[in-house]
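Work through the exercises below on strand order, strand pairing and helix packing. Each task is followed by a solution in steps.

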Amino acid sequence: MKNFIILFALAGLLSGCAFTAAPVSGLIYTDLQYGGVPTSNPVATKVGTAEVTSILGIVATGNASINEAAQKANISQISHVDYEVKSILGIYATWTIYVYGE
Amino acid sequence: MYTKIMFRRAGFGLLLLLFLQGLPAQSSGKFIKQVEQDSFTLYFALPVSMKAEEARVKFEPDFTYHDYEGAPGRDQVTMNFSLFTKEDPVKQIERIEFQAGQESFTTKNVSFLYLEKNGRKWHTRFSALVPVSAYRAVLEKAESTVFEIHAEKRTFIVPGNRKWRKSAGIVAEYLTNQ
């Protein structure tokens, strides 16, 4: 029990570190997907992805821009965008963007 | 005494962390995305990073497939991939050979997308069309998959790693239902 309290306290402390923007987040563990606003182009035959990572909020690297993801799949007309957030104890977090289009 | 308790707590935390890290491995969403469109389904096998036998070269392919009737490339899978090199950048690829057990497949339709410098690494992005039948064969024999990338005067040998085998097993299940 004592270990759990310590772990929760530690997770709470660290979750502010490796921060990722998400509609909801878990103190210990986060693994969720959510969508962005769709465009007027309904068809998607290509998918591009890009990711950023953060360790303890001390080191954060990557490029998860829409442009980067679209460029990776040679997308010129975007249909919609999805996001994926993963975080473990606030120690390690990733934020991934998926761009769908033609 | 105090150090012993601290070690036990750290060990417990580490075990929990390992457990939580293993959780997403049970989800197919880690390897493939399936998007329903009006008249077809789009499948996207997420990028898998693999090291080439040549030092300091990394190969990262992803695969897009859709069963869109009337699409010119319906019987083909689009393989977009990144090549990361520390030395000279790769600007052109002549062909890619997929070794899967006793079988091998070659694709020559490799087009250059872009080149960029990320820190000390060169990142080149390419796109290639692979017949669906070849892709399925490679997925089914993921244990022995080897990618041979023949670039200008250089050949990169990339054996499929553990993540590739894991991904292939799940992606194959999705595509065999088609």
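**Exercise 1.** In what order do the five strands of the open sheet in chain A lie, and which are the edge strands?

Solution. Step 1: in this predicted model, the five strands of chain A follow one another as S1-S4-S5-S2-S3 in an open sheet, and their pairing is antiparallel. Step 2: strand S1 (29-35) and strand S3 (59-62) of chain A each pair on one side only, which makes them the edge strands. Step 3: from one strand to the next, the twist averages 15°.

**Exercise 2.** How many bridges join S4 to S5 in chain A, and which residue of S5(A) does Tyr83(A) stand opposite?

Solution. Step 1: strand S4 (residues 78-88) and strand S5 (residues 92-101) of chain A run antiparallel and are joined by ten bridges. Step 2: the residue of S5(A) opposite Tyr83(A) is Ile97(A).

**Exercise 3.** Describe the open sheet of four strands in chain B, then place helix H2(B) against the sheet.

Solution. Step 1: the order is S7-S6-S10-S11 in chain B, with antiparallel pairing. Step 2: the edges are strand S7 (103-107) and strand S11 (154-159) of chain B, each paired on one side only. Step 3: direction ignored, neighbouring strands of this sheet are turned by 15° against each other on average. Step 4: five bridges link strand S6 (residues 93-100) of chain B with S7(B) in the antiparallel sense. Glu97(B) has Thr106(B) in S7(B) as its bridge partner. Step 5: H2(B) packs on the sheet, where the helix touches S6, S7 and strand S10 (145-151) of chain B. The direction of H2(B) makes about 50° with that of S6(B).

**Exercise 4.** At roughly what angle do the axes of H2 and H3 of chain B cross, and which residues meet in the contact?

Solution. Step 1: the axes of helix H2 (residues 132-140) and helix H3 (residues 162-176) of chain B come within 8 Å and cross at roughly 135°. Step 2: angles over 145 degrees count as roughly antiparallel and those from 65 to 115 as roughly perpendicular; H2(B) and H3(B) are therefore oblique to each other. Step 3: the crossing of the two helices is left-handed. Step 4: on the side of H2(B), the contact is made by Arg136(B), Leu139(B) and Glu140(B). On the side of H3(B), Ala168(B), Val171(B), Ala172(B) and Leu175(B) take part. Step 5: sorted by type, the residues of this contact are five nonpolar, two charged and no polar.

Key. Residues numbered from 1 in each chain as written. Chains lettered and ligands numbered in written order. Predicted model: local features only at pLDDT ≥ 70, side-chain atom pairs only at ≥ 80, totals over all residues. Axes fitted to C-alpha atoms, helices over the stretch in contact; angles between N-to-C directions. Parallel < 35°, antiparallel > 145°, perpendicular 65-115°, else oblique. Left-handed = near helix turned anticlockwise from the far one by under 90°. Contact = placed C-beta atoms within 7 Å. Nonpolar A, V, L, I, M, F, W, Y, C, P; charged D, E, K, R; others polar. Pairing = 2+ DSSP bridges.
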